[in-house]
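Here is a short set of exercises to work through with the model open in your viewer. Try each task before you read its solution.

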Amino acid sequence: MIGTHDSTSGAHFAFTDRWGGVSAAPYESLNLGGRVGDDAANVRENRSRAAASLGLDPGGVVWMHQVHGRAVAVVDRPFADDAPVDGIVTLRPALALAVLTADCTPVLLADPVAGVAGAAHAGRPGLVAGVVPALVETMQEHGAVPERIVARTGPAVCGRCYEVPEEMRESVAAEVPEAYATTSWGTPSVDVVAGVRAQLEARGVTSLEQSAVCTMESADHFSYRREKTTGRLASYVWLEAN
Ligand SMILES: [Zn+2]
């Protein structure tokens, strides 16, 4: 078993930590990111191990080329060449949607009744750009009902750790007031998860469970802010095939 995995009403949510893979330092060991300088064969092996651990077909996982934007693609298979999007939606059971992070917030959504799953990569720029509202809207266009959507956010840097310049805190809060925060040492910060939660609630998605893990504080998770050159965690959502 790699990381954590839970399911509810036929929707599965899984989050890796950094252990159980084959990559060497500074990517040790379960680096799932393909654009961080790690050996491609190691990343393939790690993705294969993670999929096997979750009971997934390694070829049935959709990976994005994340660019901190708000574009959302509707998919029924993995991209031939990872598309530059930060959100994906599928109606296909057993097709897993994956988000890569090392401090940014992975957002997983599912409406098991409608049979619609969605995933988004929301760092500070994605929060401000509105990738999460865009994801909910795209899911609604395909039959999802916000009140039925089950939501998860995965391991991410917390508001007590994510220090930013004062002007940056102001500009984020101008778009998403709930993201305004202060570090544990009293300087300006941004709470991306709080902002994501507010964006979801504003669209009627209230069934949210938030990971308790702060990537910067956890030695078991990759953190870009702490380590700079490091691996990527993956968060997966998929619908059970009936
Ligand atoms: Zn923290």
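**Exercise 1. Cysteine sulfurs**

How far is the sulfur of Cys104 from the closest cysteine sulfur, and which residue holds that sulfur?

Before solving, two notes on the source. This is a predicted model, so local features need pLDDT of at least 70 and side-chain atom pairs count only at pLDDT 80 or more, while totals for chains, interfaces and linings use all residues. Residues are numbered from 1 along each chain as its sequence is written, and side-chain values use heavy atoms, with hydrogens and water left out.

Solution.
- Step 1: recall that a disulfide is a covalent bond between the sulfur atoms of two cysteines. The cut-off used here is a pair of cysteine sulfur atoms within 2.5 Å.
- Step 2: from Cys104, the closest cysteine sulfur belongs to Cys214 and lies 13 Å away, which is too far for a bond.
- Step 3: extend the search to the whole structure, and the result is 0 disulfides.

**Exercise 2. The zinc site**

Find the donors of the zinc ion, then classify the geometry of its site.

Solution.
- Step 1: collect N, O and S atoms within 2.8 Å of the metal (3.2 Å for Na, K and Ca); water is not among the atoms, so sites may look incomplete.
- Step 2: the zinc ion is held by SG atoms of Cys158, Cys161 and Cys214 and by an OE atom of Glu217, at 2.0 to 2.3 Å.
- Step 3: write the spacing of these donor residues along the sequence, C-x2-C-x52-C-x2-E.
- Step 4: apply the angle test. Four donors count as tetrahedral if all angles lie between 85 and 135 degrees. The 4 donor atoms of the zinc ion make angles of 102 to 117°, so the site is tetrahedral. For reference, the ideal angle for four tetrahedral donors is 109.5 degrees.
- Step 5: check the accessibility of one donor. Buried means under 20% relative accessible area, exposed over 50%, and partly exposed in between (1.4 Å probe, protein chains only). Cys214 has 7% relative accessibility and therefore counts as buried.

**Exercise 3. The sheet with 6 strands**

Give the strand order of the 6-strand sheet, and say which helices pack on this sheet.

Solution.
- Step 1: set the terms. Helices (H or I, at least four residues) and strands (E, at least two) are DSSP runs, numbered from the N terminus. Two strands pair if DSSP finds at least two bridges between them.
- Step 2: the sheet is open, its order is β4-β5-β8-β7-β9-β12, and its pairing is mixed. Its edge strands, each paired on one side only, are β4 (72-74) and β12 (207-210).
- Step 3: look at one edge. β4 and β5 (residues 87-90) run parallel and are joined by 3 bridges, with Val74 opposite Val89.
- Step 4: add the helices, taking contact as heavy atoms within 4.5 Å. Axes are lines fitted to C-alpha atoms, for helices over the stretch in contact, and angles run from 0 to 180 degrees between N-to-C directions. Helix α3 (residues 131-141) lies across β4, β5, β7 (105-111) and β8 (116-122), at about 170° to β8. Helix α5 (residues 192-202) touches β7, β8, β9 (150-153) and β12, and makes about 25° with β7.

**Exercise 4. The sheet with 5 strands**

Are the residues of β13 buried or exposed, and what are the partners of this strand?

Solution.
- Step 1: the sheet is open and mixed, with the order β1-β2-β13-β6-β3.
- Step 2: count the covered positions. In β13, 7 of 7 residues are buried. Leu233, Ser235, Val237 and Leu239 point one way, and Ala234, Tyr236 and Trp238 the other.
- Step 3: β13 pairs antiparallel with β2 over 5 bridges, and His12 stands opposite Trp238. β6 also pairs antiparallel with β13 over 5 bridges, where Leu97 faces Val237.
- Step 4: helix α1 (residues 40-54) packs on this sheet and touches β1, β2, β6 (96-101) and β13 (233-239), with about 40° between its direction and that of β13.

**Exercise 5. Backbone checks**

Which peptide bonds in the loop between β2 and α1 are cis?

Solution.
- Step 1: keep the background in mind: most peptide bonds are trans.
- Step 2: the bond joining Ala25 and Pro26 is cis, with omega about 5°, and Pro26 sits in that loop.
- Step 3: the bond from Glu28 to Ser29 is cis too, with omega near -10°, and Ser29 is in the loop between β2 and α1.

Notes
Tetrahedral: all angles 85-135°; square planar, octahedral: opposite > 155°, others 65-115°.
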